[in-house]
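Reader: Please take me through one part of this model closely. I would like the nonpolar surface patch, and then the setting around it.

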Amino acid sequence: MFSITVAAVVFGVVFLAELPDKTALAGLMLGTRYRASYVFVGVAAAFALHVGLAIAAGSVLTLLPHRLLQAIVGVLFLGGAAMLLLKKDDGEEEVRKPADQSFWKVSGAGFMLILVAEFGDLTQIMTANLAARYDDPMSVGVGAVLALWAVAGLGIVGGRTLMRYVPLRLITKVAALVMLALGGFSLYEAIAA
């Protein structure tokens, strides 16, 4: 059964964690060079694949005993929060410009960039954790995919404007605080259960 609440929580957590990520900057760069719709199709397909893999991994985690699962999820969230707080700004990465501006070349470039850059990324790990925590793959998958697509859309269409008004450090700190809260709550559930 689909839960709007779970999807909304997942959307918020993944959205905040993905905003300061390098892929938002890569989407921005691709969007300024190519037709935005072509870029978005490739990026969206890569994110959907990553979420599918994360949901599968999270579903495997649910086979563990509940207390152990909560402890693992809590530790992973705390580790994710630490990664966000300790992450250094890498700056923009250079993206190769396809010579051909056709739909397949541009969307393929976006797909490959995100596929490689996001594999094993924090948001993919978080999505697996959330899938394990809520044991609701559909709601977690929808929330995560929509969050990643929203960040990609913002990056492709209007990332520069957002970054002018909202400092990247603030976004990163808010995402880390949300992850700390989720990690603390999961560890509390593991101990109190």
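Author: The patch comes next, followed by the helices and the confidence values.

This is a predicted model, where local features need pLDDT of at least 70, side-chain atom pairs count only at pLDDT 80 or more, and totals for chains, interfaces and linings use all residues. Residues are numbered from 1 along each chain as its sequence is written, and side-chain values use heavy atoms, with hydrogens and water left out.

Start with the patch. Leu 78, Leu 85, Leu 86, Leu 177 and Leu 180 make a nonpolar surface patch of about 460 Å². Patch residues have over 30% relative accessible area and no salt bridge; like charges are joined within 9 Å, nonpolar side chains (Val, Leu, Ile, Met, Phe, Trp, Tyr) within 5 Å. A salt bridge is a side-chain nitrogen of Lys or Arg within 4 Å of a carboxyl oxygen of Asp or Glu. Areas come from the Shrake-Rupley method with a 1.4 Å probe; for residues, only the protein chains shown count as cover.

Two helices each supply at least two patch residues: H4 (66–86) and H8 (168–192). H4 gives the most, with three. Helices (H or I, at least four residues) and strands (E, at least two) are DSSP runs, numbered from the N terminus. Leu 78 lies in H4. Its relative accessible area is 30%, so Leu 78 is partly exposed. Buried means under 20%, exposed over 50%, partly exposed in between (1.4 Å probe, protein chains only).

Now the setting. The protein has eight helices and zero strands. Of its 193 residues, 43% count as buried. The accessible surface is about 9800 Å², and 70% of that belongs to carbon and sulfur atoms.

H6 (residues 122–134) is mostly covered. Buried residues number 11 of its 13, including Leu 122, Met 126 and Leu 130. Asp 135 follows H6, with a positive phi near 50°. In H1, the buried residues include Val 6, Val 10 and Phe 15.

Last, confidence. pLDDT is the predictor's confidence in each residue, from 0 to 100. The mean for the protein is 79, and 79% of residues reach 70 or more. Among the elements, H1 (residues 4–18) has the highest mean, 91, and H2 (residues 22–33) the lowest, 69. Over residues 91–95 the pLDDT is below 50. Beyond near neighbours in sequence, that stretch has 11 contacts in the model. A contact means heavy atoms within 4.5 Å.

Notes:
Expected span 1.5 Å × (residues − 1).
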